[in-house]
Amino acid sequence: MLDFLAENNLCGQAVLRIVSCGNAIIAELLRLSEFIPAVFRLKDRADQQKYGDIIFDFSYFKGPELWESKLEAKPELQDLDEEFRENNIEIVTRFYLAFQSVHKYIVDLNRYLDDLNEGVYIQQTLETVLLNEDGKQLLCEALYLYGVMLLVIDQKIEGEVRERMLVSYYRYSAARSSADSNMDDICKLLRSTGYSSQPGAKRPPNYPESYFQRVPINEAFISMVIGRLRSDDIYNQVISIYMGITVNLGDAWEPYKAAKTALNNTLDLSNVKEQASRYATVSERVHAQVQQFLKEGYLREEMVLDNIPRLLNCLRDCNVAIRWLMLHTADSACDPNNKRLRQIKDQILTDSKYNPKILFQLLLDTAQFEFILKEMFKQMLSEKQAKWEHYKKEGSERMTELADVFSGVKPLTRVEKNENLQAWFREISKQILSLNYDDSTAAGRKTVQLIQALEEVQEFHQLESNLQVCQFLADTRKFLHQMIRTINIKEEVLITMQIVGDLSFAWQLIDSFTSIMQESIRVNPSMVTKLRATFLKLASALDLPLLRINQANSPDLLSVSQYYSGELVSYVRKVLQIIPESMFTSLLKIIKLQTHDIIEVPTRLDKDKLRDYAQLVPRYEVAKLTHAISIFTEGILMMKTTLVGIIKPSELMPKLKELGATMDGFHRSFEYIQDYVNIYGLKIWQEEVSRIINYNVEQECNNFLRTKIQDWQSMYQSTHIPIPKFPPVDESVTFIGRLCREILRITDPKMTCHIDQLNTWYDMKTHQEVTSSRLFSEIQTTLGTFGLNGLDRLLCFMIVKELQNFLSMFQKIILRDRTIQDTLKTLMNAVSPLKSIVANSNKIYLSAIAKTQKIWTAYLEAIMKVGQMQILRQQIANELNYSCRFDSKHLAAALENLNKALLADIEAHYQDPSLPYPKEDNTLLYEITAYLEAAGIHNPLNKIYITTKRLPYFPIVNFLFLIAQLPKLQYNKNLGMVCRKPADPVDWPPLVLGLLTLLKQFHSRYTEQFLALIGQFIRSTVEQCTSQKIPEMPADVVGALLFLEDYVRYTKLPRRVSPG
């Protein structure tokens, strides 16, 4: 009969593909359950208030038009809904596809059963498939996996969350309009069951059978599967259903009378006591045996080959004891609200003499024993044929030599010639050589007969008197015995060990032993090597979900194996995290000593000060701590560090200095310790600090993005070494945001005056220095290039937001105000053409300013904010460039030359399009920009922050704004333009840079018109003063001229661009 799993058996391959798909679906559900967006849970009041009107459960389907009309009535809700869609459609789609796969799975299984009943598979029916060993196994697995899927969904993805995700997918995707969509069926299958995985939650009525009945399955099939399994043994009352998901049958079978009655005998306290006592005795006995086997030199090859059944029995007893004790003593095995189950668990804990440390030691020793046995058998299997042939050759040669001895040719003490024995030994030699390795059964039987013949010849031919002959015979018998042992080395032993040693039941339970493992490592770091066997034993659990996927040659193999191996790696990291934790506990003490106690020795030192710098006591303490750290050279993981919290306003510089000293201590200590623990300490430091800072910058910038970068999308966040997130204490999300907003607060143009020549901010009222460029040097020292560059990136986002807000304001308060537009139109007519001189200019300009006075407050605030942030960006670029030139002069030179070369090539291309230019898919320009900004080789004032459209009256509005602010300022020979009255503050540098940046976002003709208007204003005002014989140049003209001077200086444009 054709093998059921053969590739040409369509019936077997069809059900194998279904089972393979089932294992892959479960892995995807488990993977996705770790990435449920928190917003779908609506647990926080803030989330409820913000998203409550756009996230719906299945009540939405009762009247979708009503809900959508409510959204359409509020533009702000529509905008929020669109933003929510952009941010979550990818993950929601992935969840939907997983849910759809579950529904498709059961549909495919039902179709397969129908095909069997209808005779689609020739000579195969449901009965014949269930009679086949592989067919029975696969059909049972297919039904079982469907049940596991539904239970995993209910345990890992709450019902309300499922409903909200499905409704969101329905609203945001094409499923609403698609006639082919099976959305209704998926919603019916996965609607909320009322089940909660929270401890103590009440079980819903008729759960889970009503849940399983949502998609009907052939009842005859279920009955036949149960019939085939009825004789199978129930292991115990606590079972693992899939990869560590445990169920206590005492609780699960409570609603079913027959099942409950059948289980009562097992749950009887006297029986529980008997079982617990038995396993306590078994675990003590087998643990003593395993410890004996693990003694150095005990497990030799001969001993193993002679005692295979005994060793396997011991291994089986160990694993059975571990399984029973782990399952029945786990916290998840008992509902704390169920008095009877709690009583049973207490009984088990008492009678089994449960001690988690002893159980862990048994697990550790069993894993080690299992690992050694497996490695020995693998080695013996690989050498099996070579050794067998070697023993055969040696035995045959011994017989040939004995034949030569009895021929009388070869001299041997007191051996007479005997032709019969000579012929007999030659025949034995031939018989040994004729043994066939491939026919192990016949060879084994013949080898036994040869051993008996050699024993008989020694006895009946009185050969005992000759020791040399006896030795030859004994050696040959030994080689023949070795051949029998070797031929009995079979792969089935490894398969048995694999089945017996299965630890998949502990995939989740093992976590309860983490603290014991870590404490063992803390006490004895060499324990890491012993734990390796336990981790390898746990890794064998991966065979369970991968077996069928591999058999079906499914493309899901890589994805599923990556998920489970990733989970295992995460757990190993979690256990071994104790190593860097222990190491850094000592390292913190070293940091404190190096930062506060030990004085750095200068290059030159006076002899009389040698004792002061020796500092023997603190240096001895550092040496002692270094030795303590050096023992943790195995299993070193990445470090974990936490950065600055909120900074109090008046303490910015002191806090930065304090933090800088701490960070410097960390840096120096990593540099100091790296040679003692054989790791790249500085590399770890740079990688992790950059990752932490970049992640915090990314999260802060999310506030300004419509499509946000989620943690699972971030290139900086890691599930294995996660960067912690802290609840926000203000509008900032992270420390980098708080630092940035604090700098903006203390350099606020309303409160401070920036003196460009000194790069310093002064308080407008007290004239005291507030801060200077030293602030950015301190940030560079504290947070490094990553921190300063991250601050610069955040300021970019803030400028973009301010400019976008400005455009909205321009539309609202200027372009929608008829009075303002009439005033601007009148002024435009009065000043045209721009090269002319405006008659009666003073009256015309003042009239326009007066009529537009109400718009300038908001306008000034927006311009000053942008200008303030541009000054900060300039300061950061200067600090980054200085640092790069000082610390990495070759990098700075290379970047500058590459930048100039690229710009020259691009200019040449625009002059001659046949010359090369980077293509759209070439990332060179994008990548070099990131390097240039990190090295401070860029001018923030030349940056285009936003895309813009044509705006009517834009140049003249900006011109009017400028001349409206000039009366608030006065010229100072030493300081330039300064504020006239502290009560009406206007800071000149932010004003100039803000206007410059704003104009840079638009077409250059707007700038030309704006500058032409200023030139016309200067000419017209001077002409009017000359005609009226006013001797002094008006202050507003001085201000306008200084604006043009500063504009040319900042933009580095030739002076001829300033008209008039």
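**Exercise 1. State the mean pLDDT of this predicted model, and find two stretches where pLDDT is below 50.**

Solution. Start with the whole protein. Its mean pLDDT is 83, and 93% of its residues reach 70 or more. Next, look for weak stretches. Residues 231-235 have pLDDT below 50 and make three contacts beyond near neighbours in sequence. Residues 634-650 also stay under 50. For residues 634-650 the model has 45 contacts beyond four places in sequence. Now decide how to read such stretches. Where pLDDT is low, the predicted coordinates should not be read in detail.

**Exercise 2. Describe how helix α1 packs against helix α25.**

Solution. Begin with the geometry. Two packed helices are described by the angle between their axes and the distance between the axes. Helix α1 spans residues 10-32 and helix α25 spans residues 556-576. Their axes come within 10 Å and cross at roughly 45°. The two helices are therefore oblique to each other. The crossing of α1 past α25 is left-handed.

Then list the residues. From α1 come A24, I26, A27, L30 and R31. They meet D556, S559, V560, Y563 and Y564 of α25. By class, this contact has seven nonpolar, one polar and two charged residues.

**Exercise 3. Is I55 buried or exposed, and which residues does I55 touch?**

Solution. Locate I55 first: the residue sits in the loop between α2 (45-51) and α3 (64-72). Check its relative accessible area, which is 5%. Buried means under 20%, so I55 is buried. Leaving out residues up to four places away in sequence, I55 touches V39, F40, L42, F84 and R164.

Key. Residues numbered from 1 in each chain as written. Predicted model: local features only at pLDDT ≥ 70, side-chain atom pairs only at ≥ 80, totals over all residues. Heavy atoms only, no water. Axes fitted to C-alpha atoms, helices over the stretch in contact; angles between N-to-C directions. Helix = DSSP H or I, 4+ residues; strand = E, 2+ residues; numbered from the N terminus. Parallel < 35°, antiparallel > 145°, perpendicular 65-115°, else oblique. Left-handed = near helix turned anticlockwise from the far one by under 90°. Contact = heavy atoms within 4.5 Å. Nonpolar A, V, L, I, M, F, W, Y, C, P; charged D, E, K, R; others polar. pLDDT = per-residue confidence, 0-100. Buried < 20%, exposed > 50% of the residue type's maximum accessible area, 1.4 Å probe, protein only.
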